[in-house]
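Visitor: I would like to learn how to read folds, helix faces and cores from a model. Please take me through one.

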Amino acid sequence: MRRSASSGPPPTLAELQRTLMRALYAPQSARTEQAIVRAANWAPRDALALYRRMGALRFEREVAREFPRVRALLGPDEFAALARAFVASRRSRSFTLDGYAEGLPRFIARTRGRGSAHALASFELALRRAERADVKPATPRPGALAHAPGARVLGGPFGSDPKGPVVVVFQRAGRAAWLDVAAAEAPMLRSLLRGARVDRAVARAQLTPARIRGAFERWVAAGLLIAPPSRG
Amino acid sequence: MNRFGLPDFGLGLGLRAQHARELLAHRPPLGFLELLTENHLRQPRRAREQTEALASAYPVVLHGVSMNLGSIDPLDRQYLREVRELASRLGARWISDHLCWTGTGGWNSHELLPLPYTDEALHHVAHRARQAQDALGQRIALENPSTYLAFPHSQMPEAEFLAQLCELADCALLLDVNNVYVNAMNRGGDPSAYLAALPRDRVVQIHLAGHSRRGGWWIDTHAAPVAPDVWRLYEEALARFGLVSTLLEWDAAIPSLAALRGELAKAEPIRARAEAAANAA
């Protein structure tokens with residue numbers, strides 16, 4: 001049995017949807033919400049607030065899922081505030097949430113500076129990309145960093161202190177991996193990742209031959225390089 | 001039996017990433033798996049191979065949240081192309097989405113937003129459901145959503161809207177029993193009357209899930225065991241629609257696979273009673 005429509009001209013579907021979208025994303029502008037919304041036991045304002053909060057929570061959970069290490073670094077409360085601010089600044093145009101949170105490192109850099117949270121967020125983003133990427137091994141220039149078969153550097157080096165330790169993210173045989181690099185060895189790896197010839201990167205490193213050899217051996221063991229140089 | 005000849009796969013679970021390896025390693029008996037469409041559209045190679053292995057081990061159905069059938073925006077043809085390719089690659093037995101809209105102006109709220117139940121909305125959604133079915137090359141099933149507001153200019157109850165929509169679009173129904181219950185608690189209405197208003201032969205799948213009480217609301221959280229009242233409503237649904245593929249949804253604070261199967265097993269005696277009653281009739 002049909003119910004009688006309420007008095008007054010009803011909004012068209014298009015008017016209703018545009019009004020509701022405004023009410024959800026810019027609540028201060030939704031002056032007509034009470035005319036179109038009825039919730040049996042609550043004020044329309046409360047029903048819209050529920051949708052608003054459920055929607056924000058969905059995005060905030062996605063941010064937390066993509067950046068668990070940043071959450072661990074900041075703690076749940078500070079991370080929740082960061083995620084809320086990020087979600088408030090970024091709406092989705094995609095039919096999937098994949099990639100929604102990729103702007104978090106840039107957002108952190110803009111709002112909080114390039115400290116440890118930014119470095120860690122950049123690292124986690126690179127790690128996610130390495131997990132998802134269908135990549136082919138890079139072909140190094142002659143004399144430059146020789147990647148292991150299937151290995152490709154996809155991010156980094158990450159580190160908030162230009163003179164401190166760094167992390168490099170790479171893909172190895174289709175899986176994401178990362179490598180911690182000591183502060184003293186970081187300049188050598190930075191040079192290599194920028195494409196410097198191995199002999200020049202080594203010369204700039206100002207490390208003992210044993211230290212250089214040890215670093216290359218660890219990078220080989222991690223699967224980033226195919227072999228250490230024959231000479232320190 | 002539904003009019004489309006789609007089989008009753010028994011009891012199934014929604015695939016969640018943390019259970020995928022265990023499912024592949026041990027192949028526990030499950031009637032079917034439901035895959036969240038959007039999670040599988042653009043997977044990296046390794047995950048794609050895992051999904052395909054699961055699809056070869058279990059019957060799979062696709063359940064989406066972004067078809068946006070109720071929206072005034074144009075249908076997303078790229079999305080439909082990708083869903084069709086995914087369904088074909090996995091051999092999905094059917095594709096479902098929701099009676100809702102998720103955004104306008106190109107924005108996606110990723111929320112299942114409610115429609116007014118008006119003639120305008122009915123014909124709008126029916127037209128787009130037919131277009132979507134043409135693009136997908138198969139009939140879709142539409143789910144009754146959980147909604148937390150309504151519109152004063154609605155002209156008919158939701159169940160009547162769905163029944164008419166099925167006729168106009170010649171589509172199937174995915175009946176979410178928990179949503180029927182949650183909506184009745186939040187907005188009033190008789191859940192039994194709701195079931196009675198739906199066409200008997202268009203329900204091809206049933207969803208079961210848990211809800212939570214928050215500040216006077218019943219929220220469809222998918223984060224709790226199925227409530228006793230919802231189990232009773234499920235029994236009513238089987239009495240009306242016959243044995244229908246039944247899926248347990250659990251999306252937050254996800255328990256172990258064994259615990260989920262334990263919750264799902266509560267449906268077995270209900271299905272047995274429904275089968276016995278049908279045989280006796």
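Guide: We go from the fold of one chain to a helix, then to the cores. The model is predicted: local features need pLDDT of at least 70, side-chain atom pairs count only at pLDDT 80 or more, and totals for chains, interfaces and linings use all residues. Residues are numbered from 1 along each chain as its sequence is written, and chains are lettered from A in the order in which they are written.

Visitor: How many helices and strands are there in chain A?

Guide: Helices (H or I, at least four residues) and strands (E, at least two) are DSSP runs, numbered from the N terminus. Chain A has ten helices and three strands. Along the sequence the pattern is α-α-α-α-α-α-α-β-β-β-α-α-α.

Visitor: Which residues of helix 6 of chain A are buried?

Guide: A buried residue has 20 or more other C-beta atoms within 10 Å of its own, with C-beta atoms placed from the backbone. In helix 6 (residues 104-112), these are A:L104, A:P105 and A:I108. They lie on the same side of the helix because they cover an arc of only 100° around the axis, taken from the directions from the helix axis to the C-beta atoms.

Visitor: What do they pack against?

Guide: Contact means C-beta atoms within 7 Å, placed from the backbone. The partners are helix 3 (44-66), helix 5 (76-89) and helix 7 (116-132) of chain A. After helix 6 of chain A comes A:G113, with a positive phi near 90°.

Visitor: Which residues touch the most other members of the largest nonpolar core?

Guide: A nonpolar core joins buried Ala, Val, Leu, Ile, Met, Phe, Trp, Tyr and Cys residues through C-beta atoms within 7 Å. Among the 93 residues here, they are B:L173, B:V177 and B:L208. A second, separate core of 44 residues includes A:L82 and A:Y100.

Terms used:
Buried ≥ 20, exposed ≤ 12 C-beta atoms within 10 Å, placed from the backbone. Contact = placed C-beta atoms within 7 Å.
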